[in-house]
Amino acid sequence: MIIKKKIWLESFQEIFDGKKKFELRLADFDLKEGDMLILEEYNPKTKQYTGRKLIKRVKNLSKVKLTDFNPVDEIIKFGHYIIELE
């Protein structure tokens, strides 16, 4: 399946540069390993797409509910890390 999603400037550039190899998204759409994501760079300040796009294949996919691991008040207070291990 091919899925289009907007992505903000900083995240787009980090993926483009090869520094970021993950993406955190609300699981409000169907997605599975092997699907192709078309990431369209979007500027939230101007509320416009820049015209740049990346096409990436979903390699690994995990779906979690963060509230299963921590209470909401702790999530609000501390947030979460997204850790990429090498």
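# Close-up views of the predicted model

**View 1. Surroundings of Lys19.** Lys19 touches Glu14 and Glu84, leaving aside residues up to four places away in sequence. The model shown in this and the following views is predicted. Lys19 belongs to the loop that runs between H1 and S2. With a relative accessibility of 64%, Lys19 counts as exposed, because this value lies over the cut-off of 50%. From the C-alpha of Lys19 to the C-alpha of Lys56 the distance in space is 14 Å, while the two residues are 37 apart in sequence.

**View 2. Overall arrangement of the protein.** Two helices and three strands make up the secondary structure, and along the sequence they follow the pattern β-α-β-β-α. Taken along the principal axes, the box filled by the C-alpha atoms is roughly 40 × 30 × 30 Å. The protein has 86 residues, of which 17% count as buried. Its accessible surface comes to about 7500 Å², and carbon and sulfur atoms account for 54% of that area. Of the contacts between residues at least 6 apart in sequence, 57% join residues at least 24 apart.

**View 3. The three-stranded sheet.** The strands form an open sheet in the order S1-S2-S3, and their pairing is mixed. Strand S1 (2–8) and strand S3 (48–57) are the edge strands, each pairing on one side only. On average, neighbouring strands of this sheet are turned by 25° against each other, with direction ignored. In general, strands of a sheet pair through backbone hydrogen bonds, in either a parallel or an antiparallel manner. Here, S2 and S3 run antiparallel and are joined by seven bridges. One residue pair illustrates this register: Tyr42 has Tyr49, in S3, as its bridge partner.

**View 4. Salt bridge between Arg52 and Glu41.** The side chains of Arg52 and Glu41 meet in a salt bridge, with an N to O distance of 2.8 Å. Because Arg52 lies in strand S3 and Glu41 in strand S2, the pair ties together parts that are eleven residues apart in sequence. The two partners differ in burial class: Glu41 counts as buried at 5% relative accessibility, whereas Arg52 is partly exposed with a relative accessible area of 31%.

**View 5. Surroundings of Glu40.** Glu40 is a residue of strand S2. Its relative accessibility of 15% places Glu40 among the buried residues, because buried means under 20% relative accessible area. Leaving aside residues up to four places away in sequence, Glu40 touches Lys4, Lys5, Lys6, Ile7, Tyr49, Arg52 and Lys53. Among these contacts, Arg52 is also the salt-bridge partner of Glu41, and Tyr49 is the bridge partner of Tyr42.

**View 6. Salt-bridge network around Lys20.** Lys20, Glu23 and Arg25 are linked in a network of salt bridges. Within this network, the side chains of Lys20 and Glu23 meet at 2.8 Å, N to O. Lys20 counts as buried, with 11% relative accessibility. Glu23, by contrast, is partly exposed, and its relative accessible area is 31%. Over the whole structure, the search finds five salt bridges.

**View 7. Salt bridge between Asp35 and Lys32.** In this pair the side chains meet in a salt bridge with an N to O distance of 3.3 Å. Asp35 has a relative accessibility of 2% and therefore counts as buried. Lys32 is partly exposed, with a relative accessible area of 46%.

**View 8. Nonpolar patch at the surface.** Phe22, Leu24 and Ile82 form a nonpolar patch on the surface. Together, these three residues have about 280 Å² of accessible area. Leu24 is found in the loop between helix H1 (9–16) and strand S2 (36–43). At 59% relative accessibility, Leu24 counts as exposed, because this value is over the 50% cut-off. Lys19, shown in View 1, is found in the loop between H1 and S2 as well.

Key:
Residues numbered from 1 in each chain as written. Predicted model: local features only at pLDDT ≥ 70, side-chain atom pairs only at ≥ 80, totals over all residues. Heavy atoms only, no water. Patch = residues over 30% accessible without salt bridge, like charges linked within 9 Å, V, L, I, M, F, W, Y side chains within 5 Å. Areas by Shrake-Rupley, 256 points an atom, 1.4 Å probe, with all protein chains shown as cover. Salt bridge = Lys/Arg side-chain N within 4 Å of Asp/Glu carboxyl O. Helix = DSSP H or I, 4+ residues; strand = E, 2+ residues; numbered from the N terminus. Buried < 20%, exposed > 50% of the residue type's maximum accessible area, 1.4 Å probe, protein only. Contact = heavy atoms within 4.5 Å. Pairing = 2+ DSSP bridges. Axes fitted to C-alpha atoms, helices over the stretch in contact; angles between N-to-C directions.
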